[in-house]
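Reader: I am new to reading protein models and would like a close look at one part of this one. Please start with the chain as a whole and then go to the pockets and the cavity.

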Amino acid sequence: MTVGAETLRVRPRAGAWAFVRRHVLTAYALLAFAYLLLPIAVVIAFSFNDPAGRFNYTWQGFTLDNWRNWNAVPGLVDAMSLSLQIAAISAFTATALGTLIAIALVRYGFRGRGATNLLVFLPMATPEIVLGASLLALFLTMSVATGYLTIAIAHIMFCVSYVVVTVKARLVGFDRHLEEAALDLGANEWTTFRKVTLPLIAPAILAGLLLSFALSVDDFVITYFNSGAEVTFPLFVWGAARVGAPPQVNVIGTAIFVVALSLMLVNILVQTRRTKGTA
């Protein structure tokens, strides 16, 4: 009887321990995601807030007026338009340059290859305040007026590194036999690149493009040093936060998040259909 009672006490403990072991990773992942998404949830919630004064820091009540009048704050539309323009220019230019650099680093051996690899990683490892101050000193030394052009140059500089790393990772695992087969079947180098290499590395190129676009839209520190009289969206938010926090800023932030999430879901669906079609 004593052994039976002891066994009955041990079984619930073992079952509870087994339950914890099975679900501890899931619980940890959920807590981590909640921690990451909590600021975004606050931004979305306060885009519907009806603040009593200039500061949108405490919940006062629900309203849709912020979304109806999303462009009511002076300077907000111009700042967002400027950020999108620079982000588009920076993303496409950095993607083109970064893709070519990645191909050169992976496919070809040349003098200075190791130094080039090191230089590519430097903008990613260097603090943004150092990059911003260094670029400002460079532009002032060369008598280049800070503004639209200097912002674009600065963004292209640090976005190139992320594109190189992304595309390079895809090229390292690339099966070169596919290109050799295309060449054996009569295709020249350009045709092989256009019809074999480029489609296979296209997901990495697209990822680098989207990453560059997001980094450019989001950047504050480097832009602050090299913007001159121009005001991008992050600079506008920083300036507005000192005298007030209009809920329209939260509206724009929510819209950017929704668009980015939609593009990500579309990309996942496309990749899933391609995988099923290939199988």
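Reader: Read along the sequence, what pattern does the protein chain follow? After that, please look closely at the largest pocket and its lining.

Author: This is a predicted model. Read along the sequence, the pattern of the protein chain is α-α-α-α-α-α-α-α-α-α-α. The secondary structure comes to eleven helices and zero strands. The protein chain has a radius of gyration of 26 Å, well over the 19 Å that the globule rule gives for 279 residues, so the chain is more spread out than a compact globule. Along the principal axes, the C-alpha atoms of the chain fill a box of roughly 90 × 65 × 35 Å.

Now the part you asked about. The largest pocket has a volume of about 1,200 Å³. It is lined by 39 residues, and the closest of these to the pocket centre are A214, V217, I256, F257 and A260. Five helices each supply at least two residues of this lining: α1 (2-46), α3 (76-107), α8, α10 (233-243) and α11 (247-278). The helix that gives the most is α11, with 14 residues. Sorted by class, the lining of the largest pocket has 31 nonpolar, seven polar and one charged residues.

The second largest pocket is a useful one to set beside it. This second pocket holds about 290 Å³ of space. Its lining is made by I103, R107, Y108, R176, E179, E180, L183, E189, T192, F193 and T197. The elements that give two or more residues to that lining are α3, α7 and α8. By class, the lining of the second largest pocket has four nonpolar, two polar and five charged residues.

Two of the helices at the second pocket can be followed further. The axes of α7 (residues 176-184) and α8 (residues 189-218) come within 10 Å and cross at roughly 150°. The crossing of α7 past α8 is right-handed. On the α7 side, the residues in contact are L178, E179, A182 and L183, and they meet E189, T192, V196, T197 and L200 of α8. By class, the residues of this contact divide into five nonpolar, two polar and two charged. Some names come up twice: E179 and L183 of α7 are in the contact with α8, and E179 and L183 also line the second largest pocket. From α8, E189, T192 and T197 take part in the contact, and E189, T192 and T197 are also among the residues that line the second largest pocket.

Last comes the enclosed space. A search of the whole structure finds one cavity of 30 Å³ or more. The volume of the largest cavity is about 40 Å³. S83, I86, I151, H155, S216, V217, D219, T223, T232 and P234 form its lining. At least two residues of that lining come from each of α3, α6 (148-172) and α8. Its classes are four nonpolar, five polar and one charged residues.

To return to your pocket, V217 links two of these places. V217 is one of the residues closest to the centre of the largest pocket, and V217 is also among the residues that line the largest cavity.

Conventions:
Residues numbered from 1 in each chain as written. Predicted model: local features only at pLDDT ≥ 70, side-chain atom pairs only at ≥ 80, totals over all residues. Heavy atoms only, no water. Axes fitted to C-alpha atoms, helices over the stretch in contact; angles between N-to-C directions. Helix = DSSP H or I, 4+ residues; strand = E, 2+ residues; numbered from the N terminus. Left-handed = near helix turned anticlockwise from the far one by under 90°. Contact = heavy atoms within 4.5 Å. Nonpolar A, V, L, I, M, F, W, Y, C, P; charged D, E, K, R; others polar. 1 Å grid on protein atoms, 1.4 Å probe; cavity = no way out; pocket = protein on both sides within 12 Å on 5 of 7 lines; lining within 4 Å. Points joined across faces, edges and corners; volume = space filled by probe spheres on them. Rg over C-alpha atoms; globule rule 2.2 N^0.38 Å.
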